[in-house]
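Reader: I would like to go through this structure slowly, one question at a time. Could you show it to me before we begin?

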Amino acid sequence: MTGRTSTSATSADVPARPRLLVGRGFESVALAQRLAQRTLPRSVYRSLLAGSERSATVADNSAAYHELGLAPVVLGQTARPSLATTVMDQSLSMPVLISPTGSQAVHPDAEVAIARAAAARGTANGLSMFASKPIEDVIAANAKTFFQLYWIGDREAQLARLERARQAGVVGLIVTTDWSFSLSREWGTPPIPRRIDLPLIARRLPEALLRPRWLTRWALAGGRPPELRVPNVGPRGGVAPPYLDAYVEWAKTPPPTWDDLAWLREQWTGPLMLKGVMRVEDARRAVDAGVDAISVSNHGGNNLDGSPAAVRMLPAIAAAVGDQIEVLTDGGIRRGSDVVKALALGARAVMIGRPALWGLAVDGESGVANVLDILRRGMTSTLRGMGKASIAELAPRDLYIAASFPPAPPVALEPRICASTHEDPS
Ligand SMILES: Cc1cc2nc3c(=O)[nH]c(=O)nc-3n(C[C@H](O)[C@H](O)[C@H](O)COP(=O)(O)O)c2cc1C
């Protein structure tokens, strides 16, 4: 890239400059992360960033993508490659969905802003059961909303949640059963408070005062601090339980079984995804249980630290079940080229967690839309450089795959990689 503009280039040849990049905006997810770090109070930022224990899996989720190279063509580029696809019966403008995350304390508009951005960019979002906004409000912002369910309480409790989600009009269910209650964060994250009271505010005030933009947002949104409540755990319109109370009830609930998943499948007739699959045998059992989709995922590195990057497990899992159900993946995707790599290895689409939260922190709905634009632009230029007219043409032969790429046992992870990818980005 010389920076010189070809005189023969037509407007169709030049990728459109996304509207949001004119004026304020950011041009990479890495930059969004840096800006988010400067916007959020330190404890909020770190609670989003840190994975479990020493965060080796968080680091590997991204590092694994660097072990995959792209094969360019010298001629035969494609000017406007097609990115459109469908996931669980929803037509999407691109193969990127927003993964469910609780975005408590990031931005007052929280999951509603995320859903609006997803809708504006023609894609779907997953809504966490631990989100801060009610399902009904999020669906009003994006009809393509999948509700993510954790197994908390007995089967009656699950049925009540399914019924609320059905009445609200969610287009599918994401069932997350991998959470392992790994509370040790060697990076150190603040304990979850039961409520935000005066003593807590006094303790956190010094770090909040350093973030006037964040403080102003909450001041303009009613002047109250983030509530840390979870309105989707209980019935519609009821008093939303505090995050911590729901978390404690969850910890006390016996972990769900494969029979519970099969039961859930019988109760929910719409599309259903099992999120968190990391073994081929589990992918096969998920098919047997009747799910429509899986996400190959390690919960963004928040569970078993030392499990490999999700994308390392993707090829084997996609080969085993990709012709029977939709296989997605999430974890460590930061560029459009990462999305292309995942698709070449058999993913139908990907989901993003932290990148959407960085965008939300920086600029609410516009920030999330900005992140989606970055990924779209990156996918378009990657496919163009590889001479692909459509994401449907991608295959493993389009990648240079480093010998180190196959699933590495956790002991093979380089501490150097973990340290460098985990430095604060500033
Ligand atoms: C702060 C945070 C909260 C999350 N909350 C949930 C959740 O409530 N439900 C869920 O299924 N996954 C949750 N996840 C996992 C994401 O859905 C997703 O699997 C992960 O973030 C993908 O990795 P990435 O952050 O590298 O993109 C959360 C992740 C983060 C970082």
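Author: Leaving aside neighbours within four places in sequence, Gln158 is in contact (C-beta atoms, placed from the backbone, within 7 Å) with Trp151 and Leu264. This is a predicted model, in which local features need pLDDT of at least 70 and side-chain atom pairs count only at pLDDT 80 or more, while totals for chains, interfaces and linings use all residues. Residues are numbered from 1 along each chain as its sequence is written.

Reader: Is Gln158 buried or exposed?

Author: A residue counts as buried if 20 or more other C-beta atoms lie within 10 Å of its own, as exposed if 12 or fewer do, and as partly exposed in between. Gln158 belongs to helix H6 (residues 155-168), where helices are DSSP runs of H or I with at least four residues, strands are runs of E with at least two, and both are numbered from the N terminus. Because Gln158 has 21 other C-beta atoms within 10 Å, Gln158 is buried.

Reader: What distance separates the C-alpha atoms of Gln158 and Gln267?

Author: Along the chain, Gln158 and Gln267 are 109 residues apart. In space, their C-alpha atoms are separated by 9.6 Å.

Reader: How many residues of helix H3 are buried?

Author: Helix H3 covers residues 56-63 and is mostly covered. The buried residues include Ala56, Val58 and Asp60. Of the eight residues in H3, the number buried is seven.

Reader: Which helix gives the most to the largest nonpolar core?

Author: A nonpolar core is a set of buried Ala, Val, Leu, Ile, Met, Phe, Trp, Tyr and Cys residues joined through C-beta atoms within 7 Å. The largest one has 108 residues, and those with the most contacts inside it are Ile294, Leu314, Ala347 and Val350. With 14 residues, the helix that gives the most to this core is H14 (residues 354-385).

Reader: Why is H1 called roughly antiparallel to H14?

Author: Axes are lines fitted to C-alpha atoms, for helices over the stretch in contact, and angles run from 0 to 180 degrees between N-to-C directions. Helix H1 (residues 29-39) and H14 pack with their axes 10 Å apart, at an angle of about 170°. Angles under 35 degrees count as roughly parallel, over 145 as roughly antiparallel, 65 to 115 as roughly perpendicular and the rest as oblique, so H1 and H14 are roughly antiparallel.

Methods:
Two residues are in contact if their C-beta atoms, placed from the backbone, lie within 7 Å.
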